[in-house]
Amino acid sequence: MLWTDRPGPPRTPPPRHRRWLRAAALALTVAVLASAGLGWAVWTRLDGNIRSDSATERELEKYESERPPAGPKNAQNILLIGSDNRGGGNGEYGEDSGTQRSDTTILLHLAANRQSATAVSVPRDLMVQVPHCKRSDGSESVPQTVQFNWAFAFGGAACAIRTVERMTRIRIDHHIVVDFTGFKNMVDAVHGVQMCLPRPVQDDEAHVSLPAGRQTLDGEAALGYVRARKSLGDGSDTQRMARQQQFLAALVRKVQSNGVLLNPMRLYPVLDAATSSLTTDAGLASLRGLYELVRSMRSIPTAHVQFLTVPRTEYRYDPNRDELVQPDADRLFGRLRSDQPVAVVPQPPAGAPLGGGDDKAAGPGRGARPAPGASSTPAFPGSTAEHGGCE
């Protein structure tokens with residue numbers, strides 16, 4: 001036998017721990033690839049849920065010369081529109097007349113330093129100057145003084161944005177439209193919101209029947225609660241907006257206190273519900289755009305998430321309509337426009353003035369009073385997310 005043909009020493013199998021490490025490495029590689037694929041699938045699904053409102057952007061571009069200039073860098077103004085369109089699965093809430101209608105409109109101002117967020121409700125019955133707007137059939141409405149929610153009915157989000165910009169001289173950076181079904185789905189995604197009702201709620205028109213006391217409202221009950229009008233209080237839109245603000249405050253508390261924004265397993269159903277329900281401008285019509293918006297807001301303390309309504313009073317020509325209280329309204333708009341702080345004080349009892357008020361509080365036209373401990377900061381009747389729900 002040649003030397004090269006001599007048998008070598010017997011092969012020693014690799015130690016068991018080395019085999020285990022190889023198997024673990026292979027399993028980890030497969031898991032990473034699977035997770036990446038799953039992550040991409042989730043991202044693609046959520047990203048594809050959002051509807052981009054390119055028509056509104058094209059319409060606004062036509063009127064760029066008349067729009068207000070951009071505000072301070074990094075500050076953002078977002079118009080939130082709750083649509084009560086009866087189409088698209090919302091027919092159970094009333095007859096679909098073929099027109100688009102805005103049930104709730106909120107101007108959300110995010111401070112440049114992201115230390116505060118101010119949500120200002122615009123009453124649907126507020127008398128405003130609506131510019132000429134392009135209708136869905138291609139015709140144009142004429143400029144006129146009408147109640148605010150007609151702007152959305154005339155020309156959709158573009159008309160509502162131009163009306164708000166004309167009234168406030170605040171540039172709207174983004175807009176979001178959500179319908180009834182979307183609102184319900186988002187509430188259900190956080191497993192309901194706890195509210196304390198001082199009295200039972202029975203409103204057939206709003207499809208809601210609730211007992212008094214502490215309870216968790218699911219999406220259907222929450223929608224009825226924030227829509228109820230004629231069966232609660234004095235039946236005014238004023239009290240309904242106060243309930244909407246209280247509910248949104250409770251929703252903010254629920255999301256922040258449960259760590260939803262920091263927990264992917266809890267965040268996914270919320271994002272799925274939200275993205276499936278929204279129509280936005282191109283800047284927000286992507287998961288990345290929405291994520292950046294949410295990420296910038298998640299560090300805002302609930303005490304600095306404020307809710308208020310534009311200073312208004314009974315319209316001089318019709319007690320069933322509202323008009324702005326001046327100079328309160330312009331003072332509020334000016335502070336937001338220049339990204340200066342405003343503060344809120346507890347809502348006055350029913351029947352009290354609707355404006356900013358002062359020490360005399362003799363009527364709704366009084367100026368906004370300084371915030372406690374900050375004499376240079378005006379305060380308006382409102383609330384914060386710190387005391388939402390049953391707090």
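This passage goes through the confidence of a predicted model, its salt bridges, the surroundings of one helix residue and its cavities.

A quick word on confidence comes before the details. The mean pLDDT of the protein is 79, and 71% of the residues reach at least 70. Two stretches call for some care. Residues 86–91 have a pLDDT below 50, and in the model this stretch makes 15 contacts beyond near neighbours in sequence. The pLDDT is also under 50 over residues 349–367, where the model has 40 contacts beyond four places in sequence. Where pLDDT is low, the predicted coordinates are not something to read in detail.

Turning to charged pairs, the model has seven salt bridges. Glu66 and Arg162 form one of them, with their side chains meeting at 3.0 Å, N to O. Glu66 sits in the loop between helix 2 (54–61) and strand 2 (76–83), while Arg162 belongs to helix 3, so this pair ties together parts of the chain 96 residues apart in sequence. The two partners sit in unlike settings: Glu66 is partly exposed, with 43% relative accessibility, whereas Arg162 is buried, at a relative accessible area of 5%.

The neighbouring position in sequence, Arg67, also has a salt bridge, this time with Glu165, and here the side chains meet at 2.7 Å, N to O. Arg67 is in the loop between helix 2 and strand 2 and Glu165 is in helix 3, so the pair ties together parts that are 98 residues apart in sequence. Both Arg67 and Glu165 are buried; for Arg67 the relative accessible area is 13%, and it counts as buried because that value is under the 20% cut-off.

Arg67 has a further partner in Glu64, with the closest N and O atoms 3.9 Å apart. That distance counts as a salt bridge because the N and O atoms are within 4 Å. Glu64 itself is partly exposed, at a relative accessible area of 38%. Taken together, Glu64, Arg67, Glu165 and Arg171 are linked in a network of salt bridges.

Helix 3, which spans residues 149–168, also holds Ile161. This residue is buried, with a relative accessible area of just 2%. Leaving aside residues up to four places away in sequence, Ile161 touches Thr56, Leu60, Arg67, Leu79, Ile172 and His175. Arg67 therefore turns up again here, as a contact of Ile161 as well as a salt-bridge partner of Glu165. His175, another of the residues touched by Ile161, is 14 residues away from Ile161 in sequence and 8.1 Å away in space, C-alpha to C-alpha.

As for enclosed space, the count comes to four cavities of 30 Å³ or more. The largest cavity holds about 1400 Å³ of space. Its lining is made up of 45 residues, and those nearest the centre are Leu80, Met186, Leu248, Leu251 and Val252. Helix 6 (residues 237–257) supplies the largest share of this lining, with seven residues. By residue type, the lining of the largest cavity divides into 35 nonpolar, six polar and four charged residues.

Note on methods
Residues numbered from 1 in each chain as written. Predicted model: local features only at pLDDT ≥ 70, side-chain atom pairs only at ≥ 80, totals over all residues. Heavy atoms only, no water. Helix = DSSP H or I, 4+ residues; strand = E, 2+ residues; numbered from the N terminus. Buried < 20%, exposed > 50% of the residue type's maximum accessible area, 1.4 Å probe, protein only. Contact = heavy atoms within 4.5 Å. 1 Å grid on protein atoms, 1.4 Å probe; cavity = no way out; pocket = protein on both sides within 12 Å on 5 of 7 lines; lining within 4 Å. Points joined across faces, edges and corners; volume = space filled by probe spheres on them. Nonpolar A, V, L, I, M, F, W, Y, C, P; charged D, E, K, R; others polar. pLDDT = per-residue confidence, 0-100.
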